[in-house]
Amino acid sequence: MTRARLGALLLPPLLMAFAWIATPAQGAQGSVPERAALIVDVPRVSFEELMWVPEVYDLSRKGGAGLLTNPQEIVVVNPPTGPTDDIGPGAERSVILDPDRLGGLDAVGRELRRIIDAFPAEDLLVIVYSSRPSSEMVGSNDELHGIAMAIAAPLDLLPGTGSQGSLTSASTRRDGVVVGGDIRETVDTYLGGRPVVSGPLSSGEPIEIIPGPPPFELHERYLAQRRMYVPIGTAAAVYVAIAGLGGIAALALGSRVSGGVRRIFGWGCLSVAALATSLLAAGHLPDLSYATVVPFVALVAVFGTLAFAPLEHRDVLLIPAGIGVAVLAYFAVEAILAWTAALASFVGGSELDGGRFYGLPNVFIGLLIGASLWIAQRLRTLAGFALLVAVALFAGLPYLGANLGGGVSLFAAAGLWLAIRERERLGARKGIGVFVGVTVLGAAVILAAHAISPFETHVTRFEEQAGGLAGVFERIGDRLQVGFDLIARNPFALIPVLGLPIAIAAVLRPPAALRPSLQRSPAWRDAILVTLLAGVVAYLANDSGPAAAGFAFGLGLGGLLGVSLLSEAGKMGEP
């Protein structure tokens with residue numbers, strides 16, 4: 001064999017070997033992953049400021065933008081940096097673009113465009129959010145941050161034309177609103193895996209892109225509610241305190257107070273239910289300002305109570321029953337409207353605050369307890385029990401109130417109502433058994449309904465995070481601690497906590513001024529007693545216990561005082 005022929009035979013294998021050595025391995029530096037994620041934090045900017053960045057605005061045209069709550073739940077795997085090299089298949093990169101360090105929001109936009117355009121990926125998930133509030137946000141009590149998200153090839157992510165989209169997730173079930181835990185779930189779902197992190201991850205659901213516009217109007221209403229809800233709520237509390245203390249004084253002074261004054265305070269005490277309902281219903285007003293909210297609340301509180309004045313001539317006890325029917329009817333309508341008024345409620349905060357995004361707010365649990373029992377006192381015992389069970393299911397089931405603590409509290413009220421109304425037949429031991437059995441069975445029904453619910457709820461998160469019986473007791477302890485913290489931040493929250501046992505004692509051993517109205521109608525006495533006792537259960541069963549028990553105390557004491565002040569001999573009777 002000649003040397004030329006030998007070289008010809010060896011040349012192809014040598015060339016192939018050289019080509020194989022020179023070709024980079026799959027996943028090595030320089031390879032282009034099919035999918036990657038870029039998470040960008042722009043700290044200390046508001047939602048509107050984030051949307052003013054042209055590149056973020058363009059990103060929301062390709063995807064959507066929304067409001068972000070609970071940003072402390074966000075978990076990023078890679079240390080936040082600026083470069084985007086060394087990207088492997090399925091990679092995730094987190095970046096901080098600080099406007100203060102880069103020289104303003106325009107510089108943030110330019111750097112964001114540079115990073116996206118140079119990002120080595122066929123498809124790229126980009127999430128831009130703000131993790132920390134600006135000084136202006138702190139000053140306006142704004143706890144909602146901005147977020148924008150889109151998925152496309154890097155060169156297609158900033159189109160420059162088109163309409164903005166919006167964002168949502170199953171965590172909030174609110175268009176335009178997502179939570180911090182949703183970001184981690186979105187990235188993991190997109191990349192097809194979950195990274196190993198230290199400590200538990202906050203629960204979340206994948207973020208969905210939906211038709212826009214972004215929730216600018218919702219944010220504006222939220223800020224208006226944040227400006228006004230403390231002054232309006234305080235004014236309402238002062239009104240209730242004046243009505244309650246005035247009613248107590250009028251009863252204590254007896255005949256030394258004119259009949260007209262007694263009636264004024266009597267109607268004032270009974271107006272607590274309508275006042276509480278108006279503070280929620282005001283969230284539906286098209287314009288949230290003092291000029292609209294204050295007159296609305298005042299008119300609903302006054303005329304929503306006096307509308308039942310004609311019933312006084314038949315029986316004073318028909319007045320609270322009629323008010324109770326109106327309250328339950330309103331809440332049924334509110335559930336049909338997906339609890340949208342709770343986004344801008346003027347008592348107990350907004351459902352955008354990050355604790356509960358839908359369903360029955362804790363602060364209105366006591367209102368449902370009191371309204372139901374104001375009706376039950378006019379019904380036969382079993383009919384009243386059935387009403388309370390129905391309202392408990394309304395409060396607790398996932399498609400309705402979705403409130404475990406509310407459902408448990410109302411099931412407890414149903415058990416107490418049956419046990420107390422039938423105390424002579426049941427006796428003490430069987431009565432306690434009925435109360436415990438109804439409460440436990442009702443709680444089990446609610447938990448089972450949430451366990452099979454097709455979407456995650458506040459209750460399913462409680463079930464998932466509890467982790468067995470020991471975890472349940474730990475979670476209950478944590479929820480009680482939240483109530484203690486609430487009292488520490490707002491000492492006025494201690495009023496219903498201390499007031500409930502005092503009011504219960506007043507019903508069990510009524511002073512002379514209260515005795516006539518309670519003796520004339522044992523059903524009314526039992527309704528007030530169960531309202532107050534269920535308020536104690538509401539305190540124990542809910543994380544914001546003082547808030548949950550507040551209106552149970554208000555309707556229990558308000559009904560007790562109001563009926564006593566308005567009643568006259570022969571105008572009350574057992575149904």
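Before I turn to the rings, let me fix one term: rings of Phe, Tyr and Trp, the last taken by its six-membered ring, are called a pair if their centres lie within 6.5 Å, with planes under 30 degrees apart counted as stacked, over 60 as edge-to-face, and the rest as tilted. Please keep in mind throughout that what we have here is a predicted model.

With that term in hand, a search of the whole structure finds seven aromatic pairs. One of them is formed by F47 and F216, whose ring centres are 5.1 Å apart and whose planes make an angle of 35 degrees, so the pair is classed as tilted. This pair joins distant parts of the chain, since F47 belongs to helix 2, residues 47–52, while F216 belongs to helix 8, residues 216–253, and the two are 169 residues apart. Are these two partners buried or exposed? F47 has a relative accessible area of 0% and is therefore buried, whereas F216, with 29%, is partly exposed.

A second tilted pair is that of F331 and W339, at 6.2 Å centre to centre and with 55 degrees between the planes; here both F331 and W339 are buried. These two residues also belong to a cluster, linked by ring pairs, that takes in Y330, F331, W339, F364, F394 and F551.

Some of those names return when we look at the nonpolar interior. The largest nonpolar core has 97 residues, and the ones with the most contacts inside it are V293, F331, F364, L367 and F551. If we take F551 and leave aside its neighbours within four places in sequence, we find it in contact with V272, A276, V347, V363, F364, G366 and L367. Apart from this core lies another, of 36 residues, which includes V42, V126, V128 and L218.

Let me add two polar or charged details. R173 lies over the face of Y358, at 4.1 Å from the ring centre. H450, in helix 16, residues 423–451, has a relative accessibility of 0% and so counts as buried, and its side chain reaches the backbone oxygen of G396 at 2.6 Å.

I will finish with a loop residue, L311, which is found between helix 11, residues 290–306, and helix 12, residues 318–336. Why does L311 count as partly exposed? Its relative accessibility is 24%, and the partly exposed class runs between the 20% and 50% limits. Setting aside neighbours within four places in sequence, L311 is in contact with L318 and I319, and its C-alpha is 9.9 Å from that of A321, which is 10 residues away in sequence.

Notes: Residues numbered from 1 in each chain as written. Predicted model: local features only at pLDDT ≥ 70, side-chain atom pairs only at ≥ 80, totals over all residues. Heavy atoms only, no water. Core = buried A, V, L, I, M, F, W, Y, C linked by side-chain atoms within 4.5 Å. Buried < 20%, exposed > 50% of the residue type's maximum accessible area, 1.4 Å probe, protein only. Contact = heavy atoms within 4.5 Å. Helix = DSSP H or I, 4+ residues; strand = E, 2+ residues; numbered from the N terminus. Lys NZ or Arg CZ within 6 Å of the ring centre and 35° of its normal. Polar contact = N/O pair within 3.5 Å; in protein donor to acceptor, adjacent residues only side chain to side chain.
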